[in-house]
Amino acid sequence: MNDGGILSLLERILLHIQYFPETAYELVGFTGIEGGSILPIFKQNYIKDALRHLLRK
């Protein structure tokens, strides 16, 4: 997932939401592997023209 742990990931997601509210992620819940890691589940709305923007460069 990431080297900083789940709290670091959530902090980065919050920063992303502050800087890019039009492409915000939503925390849906958590999942995990029995006896293993807990992993967050995020969703993000479809971003129209995202590829077209990348292809213009």
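**Notebook: pairs and patches in a predicted model**

I looked first for charged partners and found that Lys 43 forms a salt bridge with Glu 26, where the closest N and O atoms are 3.9 Å apart. The term stands for a side-chain nitrogen of Lys or Arg within 4 Å of a carboxyl oxygen of Asp or Glu. This pair links distant parts of the chain, since Lys 43 lies in strand 2 and Glu 26 in strand 1, 17 residues apart. My search of the whole structure gave one salt bridge. I noted as background that side chains of opposite charge can pair when their charged atoms come close.

Before going on, I wrote down the ground rules: this is a predicted model, in which local features need pLDDT of at least 70 and side-chain atom pairs count only at pLDDT 80 or more, while totals for chains, interfaces and linings use all residues. Residues are numbered from 1 along each chain as its sequence is written, and side-chain values use heavy atoms, with hydrogens and water left out.

**Confidence and layout**

I then checked pLDDT, the predictor's confidence in each residue, from 0 to 100. The protein chain averages 83, and 84% of the residues score at least 70. Among the elements, strand 1 (residues 25–32) has the highest mean pLDDT, 92, and helix 2 (residues 50–55) the lowest, 67. I kept in mind that where pLDDT is low, the predicted coordinates should not be read in detail.

For the layout I counted two helices and two strands, which run α-β-β-α from the N terminus on. Both kinds of element are DSSP runs numbered from the N terminus: helices are H or I with at least four residues, and strands are E with at least two.

**The two strands**

I found that strand 1 and strand 2 pair in the antiparallel sense over seven bridges, where pairing requires that DSSP finds at least two bridges between the strands. Leu 27 has Phe 42 in strand 2 as its bridge partner. The hairpin of these strands has five residues between them, and Gly 35 takes a positive phi near 75 degrees there.

Next I looked for aromatic pairs, which are rings of Phe, Tyr and Trp (its six-membered ring) with centres within 6.5 Å; planes under 30 degrees apart count as stacked, over 60 as edge-to-face and the rest as tilted. The count came to one aromatic pair. It is edge-to-face, because the rings of Tyr 25 and Phe 42 have their centres 6.3 Å apart and their planes at 70 degrees. Tyr 25 lies in strand 1 and Phe 42 in strand 2 (residues 38–44), so the pair ties together parts that are 17 residues apart in sequence.

**Burial and surface**

I sorted residues by relative accessible area: buried means under 20%, exposed over 50%, and partly exposed in between (1.4 Å probe, protein chains only). Of the 57 residues, 9% count as buried. Tyr 25 is partly exposed at 31%, and Phe 42 is partly exposed at 26%. In the salt bridge, Lys 43 is partly exposed at 44% and Glu 26 is partly exposed at 43%.

Last, I turned to helix 1 (residues 5–19), where Tyr 19 has its place; at 62% relative accessibility, Tyr 19 counts as exposed. Ile 6 is also found in helix 1, and its C-alpha atom is separated by 8.0 Å from that of Pro 40, although the two are 34 residues apart along the chain.
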